[in-house]
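Work through these exercises with the model open beside you. Try each task before you read its solution.

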Amino acid sequence: MKRARDSQRGKLYEAEACLKGTGKRYPTLNSVKNRIEDILGHAWTRANFKNVPTRITVKDGGQSSRAFFRPFLNEFSMPVWAREEYVILHEVAHLLNPHRA
């Protein structure tokens with residue numbers, strides 16, 4: 001059975017488009033990985049979400065127009081344009097709430 005699309009999805013992506021270029025930038029994959037690990041290791045995250053992974057991988061998304069999270073691999077793909085705070089938070093949300101991804 002196919003799952004219905006979230007009716008607010010388009011509005012979320014439209015709002016995020018307004019933020020592009022306004023957040024803190026993370027210039028290297030290692031800095032992106034460190035930021036994600038900080039979020040996942042935070043006491044609040046651990047207290048509020050089950051099964052938070054202890055190991056993740058962050059890969060270069062190159063010039064792709066999409067950043068994304070692969071749940072079964074705990075792997076983030078982060079193109080150069082996506083290495084800023086709001087995109088990182090968006091992708092971490094996919095990890096923390098996989099049923100709404």
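Two strands pair if DSSP finds at least two bridges between them. Helices (H or I, at least four residues) and strands (E, at least two) are DSSP runs, numbered from the N terminus. The model is predicted: local features need pLDDT of at least 70, side-chain atom pairs count only at pLDDT 80 or more, and totals for chains, interfaces and linings use all residues. Residues are numbered from 1 along each chain as its sequence is written, and side-chain values use heavy atoms, with hydrogens and water left out.

**Exercise 1. The sheet**

Task: find the order of the strands in the open sheet, and its edge strands.

Solution.
- Step 1. The open sheet has three strands, in the order β1-β3-β2, and its pairing is mixed.
- Step 2. β1 (57-60) and β2 (68-70) are the edge strands, since each pairs on one side only.
- Step 3. Neighbouring strands are turned by 25° against each other on average, direction ignored. Axes here are lines fitted to C-alpha atoms, for helices over the stretch in contact; angles run from 0 to 180 degrees between N-to-C directions.
- Step 4. Take β1 and β3: they run parallel and are joined by four bridges. Val58 stands opposite Phe76 in β3.
- Step 5. Take β2 and β3: they run antiparallel and are joined by three bridges. Arg70 has Glu75 in β3 as its bridge partner.
- Step 6. Look at the turn. β2 and β3 form a hairpin with four residues between them, and Asn74 in the turn has a positive phi of about 50°.

**Exercise 2. Met78**

Task: is Met78 buried or exposed? Which residues does Met78 touch?

Solution.
- Step 1. Locate Met78: its place is in strand β3.
- Step 2. Check its area. Met78 has a relative accessible area of 0%, so it is buried. Buried means under 20% relative accessible area, exposed over 50%, partly exposed in between (1.4 Å probe, protein chains only).
- Step 3. Compare directions along β3. Phe76 and Met78 point one way, Glu75 and Ser77 the other, and all are buried.
- Step 4. List contacts (heavy atoms within 4.5 Å). Not counting residues up to four places away in sequence, Met78 touches residues including Leu29, Val32, Val58, Ala67 and Ile88.
- Step 5. Check one partner. Met78 and Ala67 are eleven residues apart along the chain, and their C-alpha atoms are separated by 5.1 Å.

**Exercise 3. The core**

Task: which elements give two or more residues to the largest nonpolar core?

Solution.
- Step 1. Fix the term. A nonpolar core is a set of buried Ala, Val, Leu, Ile, Met, Phe, Trp, Tyr and Cys residues joined through side-chain atoms within 4.5 Å.
- Step 2. The largest one has 19 residues; Ile36, Leu40, Phe76, Met78, Ile88 and Val92 have the most contacts inside it.
- Step 3. The elements are α2 (29-41), β3 (75-78) and α4 (85-96). The largest share, six residues, comes from α4.

**Exercise 4. Two helices**

Task: how do α1 and α4 pack?

Solution.
- Step 1. α1 (residues 9-19) and α4 pack at about 150°, with their axes 10 Å apart.
- Step 2. That makes α1 roughly antiparallel to α4. The cut-offs are under 35 degrees for roughly parallel, over 145 for roughly antiparallel, 65 to 115 for roughly perpendicular, and oblique for the rest.
- Step 3. Leu12, Tyr13, Glu16 and Leu19 in α1 meet Tyr86, His90 and His94 in α4.
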